Structures are given as structure tokens and as C-alpha cells.
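The following note sets out points for a colleague's attention on the structure shown below. The points are numbered so that each may be taken up separately.

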Amino acid sequence: MSHAKYPGLALLTLALTGAVHAQLRTWVVDVQGRPFTQFTNLQTAFDQVPAGDRLIVLDGVYPTPLRLSRGLVVDARPGVIIRPTSPLGTEFRVEGIPAGERASLSGFELQLYATSPVRIG
């Protein structure tokens, strides 16, 4: 097919290709490593998933410490538990999000030691 015969075709193809690249991706984190999972470690996902993308966290127990420092949408499915490996390893921080980015977390269950402080902010 000649683009000279259809001059708008090249422009349309370019526009559609750009739209595909602009779409944000959804990534799956599963500590159990079931099929179709990109990550088994939550901190690794926090560190490697591009800003603006979405993480779906499947059921399981995820250890702390954890630190989210980029704009991600993180949706935990029922049964996602954040549990410290020791009374001193209870940190789950969301900090240092760059200007113009937004972090959103939902659905996590936090299981802490009786002496563990809870800090939000």
C-alpha cells in the first residue's frame, strides 16, 4: 500500500503507535510466584516498576521493611498481609515521592508486634 495514495495513513499509524506507548502497565506481585507474576518481592516491585504504573499485590505475607518512593497505584487483594520479620523491622514507608507523581496504596493488612509503632505521614 502506498502512503502517497493515502497521505493520512502514515499520520494515523504514528498517532496509534504513540497511544500504545503512552498506556500505563499493570504489574502483578505474588510472593507465592504463581503464573503471570512479574515480581515475587514487593520491595523489588516498588524499586523497578515505572512511576505511574499500577501494582496488583496478590494474597500472601510480605515482610518489612518496605519503602515506596515513586508514584505508583498499589492495590492489594484480600489476604495481603504486611508482617515485620522482627520487632525492629516494622517500617513501611511512603516517602520522597517526586513532584508531579502520586502514590496510592489500598487493601493492605498490617500485622505488627505489640511494641511496634505505627507512623503515617
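Which residues are linked in a network of salt bridges?

1. The network. Asp30, Arg34 and Asp59 are the residues linked in this way. Within the network, the side chains of Asp30 and Arg34 meet in a salt bridge with an N to O distance of 2.6 Å. Asp30 counts as buried, because its relative accessibility is 0% and the cut-off for burial is under 20%. Arg34, by contrast, is partly exposed, its relative accessible area being 33%. As a general remark, side chains of opposite charge can pair when their charged atoms come close.

2. Status of the model. The coordinates are those of a predicted model. The mean pLDDT of the chain is 81, and 72% of the residues reach a score of at least 70. Residues 8-21 call for a reservation: pLDDT stays under 50 over this stretch. For the same residues, the model has 3 contacts beyond four places in sequence.

3. Overall composition. The chain comprises 2 helices and 9 strands. Their succession along the sequence is α-β-α-β-β-β-β-β-β-β-β. Of the 121 residues, 26% count as buried. The accessible surface amounts to about 7900 Å², and carbon and sulfur atoms account for 59% of that area. As to contacts between residues at least 6 apart in sequence, 51% of them join residues at least 24 apart.

4. The open sheet. Which strands make up the open sheet, and in what order? Its 4 strands are arranged as β1-β2-β5-β8, with parallel pairing. At the edges stand β1 (26-29) and β8 (104-106), each of which pairs on one side only. On average, neighbouring strands of this sheet are turned by 15 degrees against each other, direction ignored. Strand β5 (residues 73-76) runs parallel to β8 and is joined to it by 3 bridges. One residue-level detail may assist inspection: Val74 has Leu105, in β8, as its bridge partner.

5. A salt bridge between two strands. The structure holds 5 salt bridges, one of which brings together the side chains of Asp75 and Arg54 at 2.8 Å, N to O. This pair links distant parts of the chain, since Asp75 belongs to strand β5 and Arg54 to strand β2 (residues 54-57), 21 residues apart. Is Asp75 buried or exposed? Asp75 counts as buried, because its relative accessibility of 15% falls under the 20% cut-off. Arg54 counts as partly exposed at 30%.

6. A further salt bridge. Arg93 forms a salt bridge with Glu95, and the closest N and O atoms of this pair are 3.3 Å apart. Arg93 counts as partly exposed, with a relative accessibility of 34%. Glu95 likewise counts as partly exposed, at 28%.

7. The edge strand β1. Thr26 lies in strand β1 and counts as partly exposed, at 39% relative accessibility. Which residues are in contact with Thr26, leaving aside its neighbours within four places in sequence? They are Gln38, Arg54 and Ile56. Gln38 stands 12 residues from Thr26 along the chain, and the C-alpha atoms of the two are separated by 9.8 Å. Arg54 thus appears both among the contacts of Thr26 and as the salt-bridge partner of Asp75.

8. Backbone geometry. Two features of the backbone merit a check by the reader. A cis peptide bond joins Thr64 and Pro65, with omega at about 10 degrees. Pro65 is placed in the loop between β3 (60-64) and β4 (66-68). The other feature concerns Phe36, whose phi is near 70 degrees, a positive value in a residue other than glycine. Where is Phe36 found? Phe36 sits in the loop between β1 and α2 (42-48). Phe36 counts as exposed, because its relative accessibility of 76% is over the 50% cut-off.

Technical notes. Residues are numbered from 1 along each chain as its sequence is written. This is a predicted model: local features need pLDDT of at least 70, side-chain atom pairs count only at pLDDT 80 or more; totals for chains, interfaces and linings use all residues. Side-chain values use heavy atoms; hydrogens and water are left out. Buried means under 20% relative accessible area, exposed over 50%, partly exposed in between (1.4 Å probe, protein chains only). Contact means heavy atoms within 4.5 Å. Accessible areas come from the Shrake-Rupley method with a 1.4 Å probe; for residues, only the protein chains shown count as cover. Two strands pair if DSSP finds at least two bridges between them. Axes are lines fitted to C-alpha atoms, for helices over the stretch in contact, and angles run from 0 to 180 degrees between N-to-C directions. A salt bridge is a side-chain nitrogen of Lys or Arg within 4 Å of a carboxyl oxygen of Asp or Glu. pLDDT is the predictor's confidence in each residue, from 0 to 100.
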